[in-house]
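Trainee: Hey, I've never looked at this one before. Can you walk me through it?
Mentor: Sure, let's put it up on the screen.

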Amino acid sequence: MGFLDWLVICGYFVVMIAIGVWAKSRIRDAKDFFTAGGRMPWWLSGISHHMSGYSSAVFVGYAAIAYTAGFTLYVWWAIGITFAMLVGSVLFAPRWPRLRQRLGIISPLEYLATRYNVPAQQVLAWSGTALKVFDVGAKWAATALLLQVFAGVPIAWGVLLTGGVTLIYSTIGGLWADALTDLGQFVIQLVAGITMFVAVLAQLGGVSAIWTLWDQLPEGHGQPFNGNYTVGFVLVYLLINTLSYNGGTWNLAQRFIAAPTGGSARRAALFSAGLYLFWPLVLFFPMWAAPVLLPNLAEPDQSYALLTQQLLPGGLIGLVLAGMFAHTMAMTSSDANAISSVVIRDIIPAVWKRARRLSSASELLAGRVSTFLFIVLSMGIALSADSFGGVLGLLILWFGALVGPIAIPMLLGMLPMFRRCGPAAAIGSWATGLVVFALVKYVFPGQGQTVEVAAPVLSALAVFVIVGLAAPARNDEADALIDSLNTERPETAQAAGGH
């Protein structure tokens, strides 16, 4: 990296912090900090949802998958998320802002105390918070690895640099800062991604390479399923993506909670689905071409970074690296906001009764402190990522296997067809998923990636359904809440239309 590249990177960091400072003026209380006051327009919510759905790990872990397995990456990841969001636009996205309207929630887990009970809410809150610390740690580690490849910056300093900037704007600006920086980051990664796409096409001989590339790649790279990424793996991850991107990953639920109405949240989900369907075709193309341009790499996770260095002039390298940072900082800042809302509204009030009587100003301060602490802790995990199987181990195995048992009671609890699945079903499915993960990971290892990811989520789903059928729960308050989420309130729809 030369002087121009560093100038672009520093300019990017300054703009992100400036947006956070500006967003601070829009925050008066915790509702503004965590849900943008329920005033986020659908297009901004959709872009923010998309940008918060993936990170620099795409350019490290997923670049390695593209290098070794090829087109299957698009099938199990991008198409899977697109399908998940189409399902979610009908079943889940519209229900999130209605929960805010009915119960005044600012945390994705607040409604679980009414839907199930406080113990069920607490086990999901504590375990989900712990899981996200590891997930975000993987994102910092991936970003630091990129900076090391580009500029020789030690991993620790890379974590401290990107984490520190995110720490500043997330802590002061809340969800408004997250969403507005997501918008700026979306523009940056759009320009950076197209730049790399064009550079690779030029290197391969022109536009015709879009079709001719696949004959030059190793066998199986043009197939929808290849290697470990079998039909079974893709189907399991389709379920995991449906749970994760519709709110099982809490920061993505926040994007829908912040929408003014259910209809607005539905449009945001569809917009995000469209972005996932088309944009990865541009973004992943250089990764698919890497085996031709950089054959026999010993470390495939460095392929995208090495391509950038090889193909782009000074200044543009910094732009592409800024685009990579954009993904991580978008995801991790939104994660920090969502986790902080859970800590402040769900965890602390359960262990410290006085927290329920905090003033608006005190609650906002507590939100900022918990956001700060979460990012610091996740940066600590990033510095020891190798202890957990590296970036890919944290991303695909740990997160993929554990997000399901946490998300199943949370998301399915909103749907009328699962109204008889009560606290026993929620806690039972969560516990089963965690126990099964421990068994396949440590007691009976070597079962293969598909089994290690599938077993926890499928067993958790089975227990949730079976317990609901065998021991149906009846709770009038929960039933009334579920029924109220099916339709928009007339006055809410009219107010949104007038606005």
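Mentor: We'll go from the overall fold to the core, then the salt bridges, and end with a few single residues.

Trainee: Okay, what kind of model is this?
Mentor: It's a predicted model.

Trainee: How many helices and strands are in the protein chain?
Mentor: The protein chain has 21 helices and zero strands.

Trainee: And how does the radius of gyration sit against the globule rule?
Mentor: The chain's radius of gyration is 22 Å, and the rule gives 23 Å for 499 residues, so the chain is as compact as a globular protein of that length. If you'd like a box around it, the C-alpha atoms fill roughly 65 × 50 × 45 Å along the principal axes.

Trainee: What share of the residues is buried?
Mentor: Buried residues make up 60% of the 499 in the chain. As for the outside, the accessible surface comes to about 17700 Å², and 68% of that belongs to carbon and sulfur atoms.

Trainee: What about contacts along the sequence?
Mentor: Take the contacts between residues at least 6 apart in sequence: 86% of them join residues at least 24 apart.

Trainee: Let's go inside. Which residues have the most contacts in the largest nonpolar core?
Mentor: That core has 148 residues, and the ones with the most contacts inside it are Val58, Leu73, Trp76, Trp77, Trp96 and Phe284. Helix α9 gives the most to this core, with 16 residues.

Trainee: Pick one of those. What does leucine 73 touch?
Mentor: Leaving out residues up to four places away in sequence, leucine 73 touches Tyr62, Ile65, Ala66, Ala78, Phe284 and Trp288. Another core lies apart from the big one; it has seven residues, among them Ala30, Ile106, Ile344 and Leu364.

Trainee: Switching to charges. How many salt bridges does a search of the whole structure find?
Mentor: Four. One of them pairs arginine 98 with glutamate 488, with the closest N and O atoms 3.6 Å apart.

Trainee: Where do those two sit in the chain?
Mentor: Arginine 98 is in helix α6, while glutamate 488 is in the loop between α20 and α21. They're 390 residues apart, and the pair links distant parts of the chain.

Trainee: Is arginine 98 buried or exposed?
Mentor: Arginine 98 counts as buried because its relative accessibility is 6%, and the cut-off for buried is under 20%.

Trainee: What does arginine 419 pair with?
Mentor: Arginine 419 meets aspartate 479 in a salt bridge, at 3.4 Å from N to O. Aspartate 479 lies in helix α20 and arginine 419 in the loop between α17 and α18, so this pair ties together parts that are 60 residues apart in sequence. Both of those residues are buried. Arginine 419 also meets aspartate 483, at 2.6 Å from N to O. Aspartate 483 is in helix α20, 64 residues from arginine 419.

Trainee: And is aspartate 483 buried too, or partly exposed?
Mentor: Aspartate 483 is partly exposed, with a relative accessible area of 39%. Through shared partners, salt bridges join Arg419, Arg420, Asp479 and Asp483 into one network.

Trainee: Back to the surface. Which residues form a nonpolar patch there?
Mentor: Val187, Leu190, Val191, Ile194 and Val198 do, with about 370 Å² of accessible area together. Leucine 190 is in helix α9, which runs over residues 155–204, and that leucine is partly exposed at 31% relative accessible area.

Trainee: Anything odd in the backbone?
Mentor: Take a look at asparagine 296: its phi is near 60 degrees, a positive value in a residue other than glycine. Asparagine 296 is found in the loop between α13 and α14, and at 77% relative accessibility it counts as exposed.

Trainee: What does threonine 242 touch?
Mentor: Skipping residues up to four places away, threonine 242 touches Ala84, Val87, Phe92 and Leu411. Threonine 242 lies in helix α11 and counts as buried, at 13% relative accessibility.

Trainee: Last one. How far apart are phenylalanine 134 and leucine 377?
Mentor: They're 243 residues apart in sequence and 9.2 Å apart in space, C-alpha to C-alpha. Phenylalanine 134 lies in helix α8 and is partly exposed, with a relative accessible area of 22%.

Key. Residues are numbered from 1 along each chain as its sequence is written. This is a predicted model: local features need pLDDT of at least 70, side-chain atom pairs count only at pLDDT 80 or more; totals for chains, interfaces and linings use all residues. Side-chain values use heavy atoms; hydrogens and water are left out. Patches are made of residues with over 30% relative accessible area and no salt bridge: like charges are joined within 9 Å, nonpolar side chains (Val, Leu, Ile, Met, Phe, Trp, Tyr) within 5 Å. Accessible areas come from the Shrake-Rupley method with a 1.4 Å probe; for residues, only the protein chains shown count as cover. A salt bridge is a side-chain nitrogen of Lys or Arg within 4 Å of a carboxyl oxygen of Asp or Glu. Helices (H or I, at least four residues) and strands (E, at least two) are DSSP runs, numbered from the N terminus. Buried means under 20% relative accessible area, exposed over 50%, partly exposed in between (1.4 Å probe, protein chains only). The radius of gyration is taken over C-alpha atoms; the globule rule is 2.2 Å times the number of residues to the power 0.38. Contact means heavy atoms within 4.5 Å. A nonpolar core is a set of buried Ala, Val, Leu, Ile, Met, Phe, Trp, Tyr and Cys residues joined through side-chain atoms within 4.5 Å.
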